[in-house]
Amino acid sequence: MGEHGTGGTVHLLCLATSSGVPLFCRSSRGGVLTRQQLPFSVIGSLNGVHMFGQNLEVQLSSARTEDTTVVLLVGLEELTNIRNVERLKKELKASYCLIDSFLGDPALIGDLTQCVDCVIPPEGSLLQEALSGFSEATGTAFASLVVSGRVVAATEGWWRLGMPEAVLLPWLVGSLPQQAARDYPVYLPHGSPTVPHRLLTLTLLPGLELCLLCGPRPPLSQLDPQFLERWWQPLLDPLRACLTLGPRALPDGFPLHADILGLLLLNLELKRCLFTVHPLGNKEPSPEQRRRLLRNFYTLVTTMHFPPEPGPPDKEDAGHRTQLPRACYLVLGPGMGWQVVALQLGPRQLLLLLSSQSPTHGLRALATHTLHALTPFL
């Protein structure tokens, strides 16, 4: 599987390594999906380079061949031991929505951070209690509430899922067309790459879905509307309050400084994150541009300044680690003036995109105050 860029267009191409037969090709330009396909000559050339490198035991730097992370909806055995190419191509179509959501302009950021995108519900304790009870009643330890691909609440079993499935499962749910109910076979790249589990999804309200990861039981027919109403009808108002959390991630009225245009909060121990570019109003830049700025800034600070994982320093490395920065900022421009600031405190990292009016000398204080305000929730 590889990416090939031409004139701002990104093509995601998946080939059968043994035969070079194209399994699928997805394309996007500027974050917008297109129907433009790679010419056969380009596909042949890419496969030729791959085969040449393979014979020399050299792997292309742009290729990703870690089998357990290639596709969520097709098992590892089917990908590594292709018996019927045409059948595999049909099975891969089930993953197109997920793949397309990565190629577009995602509103989520878990693909980059490897942390689960979450939201802060206004009455989280009530929803958590109901979800735990519902999970026990249905006989599965893995349950969550998901709005627009973000986790509202989840059981302890769900939070114990490994990476990358903890990120991919809610992302998958958010990428699929709306349906009242689904019974979806999924392979877990880390936990079960060869044996499928069942992902049951039930729409409680448009955009808000109840997700269960389970084995043969319970049957979908057991989760009838009357059964769901007994558990969730009393919580209709808290559930409705979650619908606006998709793009915003924070409840209405959450105290944020007026200069904040976007934020990314990560808890590296819990592997969860909070990402929004809709905190206040419709100021410039656009939401799409804000997302790009924060994604690029995250890549910069984690590559150059902040360690990738929290934890105490090794004795041999203690002298070096004490010199690592705990805050940094950039002023974007010329002609823009927007500012980005990053702060690390313990297992948490906070990145803010700020308007040009925010005074530079106050960036760290503003970031510290915001981090303290968000810490009880993540």
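**Figure 1. Accessible surface and overall make-up of the predicted protein chain.** The accessible surface comes to about 18700 Å², and carbon and sulfur atoms hold 55% of that area. Areas follow the Shrake-Rupley method with a 1.4 Å probe; for residues, only the protein chains shown count as cover. This is a predicted model: local features need pLDDT of at least 70, side-chain atom pairs count only at pLDDT 80 or more, and totals for chains, interfaces and linings use all residues. Residues are numbered from 1 along each chain as its sequence is written, and side-chain values use heavy atoms, with hydrogens and water left out. The chain has 14 helices and 15 strands. These are DSSP runs, numbered from the N terminus (helices: H or I, at least four residues; strands: E, at least two). Of its 378 residues, 47% count as buried. Buried means under 20% relative accessible area, exposed over 50%, and partly exposed in between (1.4 Å probe, protein chains only). Among contacts with a separation of 6 or more, 58% join residues 24 or more positions apart. A contact is heavy atoms within 4.5 Å.

**Figure 2. Helix α12 and its packing partners.** The helix covers residues 287-304, 18 in number. Its expected span is 26 Å, and its end C-alpha atoms are 26 Å apart, which agrees. The expected value is 1.5 Å times one less than the number of residues. Buried positions include Arg290, Leu294, Phe297 and Tyr298. The buried residues of α12 pack against α5 (110-113) and against strands β11 (260-267), β12 (272-276), β13 (327-331), β14 (339-345) and β15 (348-354). Arg291, also buried, joins Asp105 and Glu288 in a network of salt bridges. A salt bridge is a side-chain nitrogen of Lys or Arg within 4 Å of a carboxyl oxygen of Asp or Glu.

**Figure 3. A nonpolar surface patch of Leu300, Met304 and Leu330.** Together the three residues have about 270 Å² of accessible area. Patch members have over 30% relative accessible area and no salt bridge; like charges are joined within 9 Å, nonpolar side chains (Val, Leu, Ile, Met, Phe, Trp, Tyr) within 5 Å. Leucine 330 sits in strand β13. Its relative accessibility is 37%, so leucine 330 counts as partly exposed.

**Figure 4. Asparagine 84 and the start of helix α3.** Asparagine 84 lies in the loop between α2 (76-80) and α3 (85-92). Its side chain places a polar atom 3.2 Å from the backbone nitrogen of glutamate 86. A polar atom of this side chain also lies 3.0 Å from the backbone nitrogen of arginine 87. Asparagine 84 is partly exposed, at 43% relative accessibility. Glutamate 86 forms a salt bridge with lysine 89, with closest N and O atoms 3.6 Å apart. Both lie in α3, three residues apart, about one turn of the helix.

**Figure 5. The salt bridge between aspartate 183 and arginine 198.** The side chains meet at 2.8 Å, N to O. Aspartate 183 is in strand β8 (residues 181-188) and arginine 198 in strand β9 (residues 192-205), so the pair ties together parts 15 residues apart in sequence. Aspartate 183 is partly exposed at 37%, whereas arginine 198 is buried at 15%.

**Figure 6. Threonine 370 in helix α14.** The helix spans residues 363-374. Threonine 370 has 4% relative accessibility and so counts as buried. Leaving out residues up to four places away in sequence, threonine 370 touches Leu256, Ile260, Leu350 and Leu352.

Terms used:
Polar contact = N/O pair within 3.5 Å; in protein donor to acceptor, adjacent residues only side chain to side chain.
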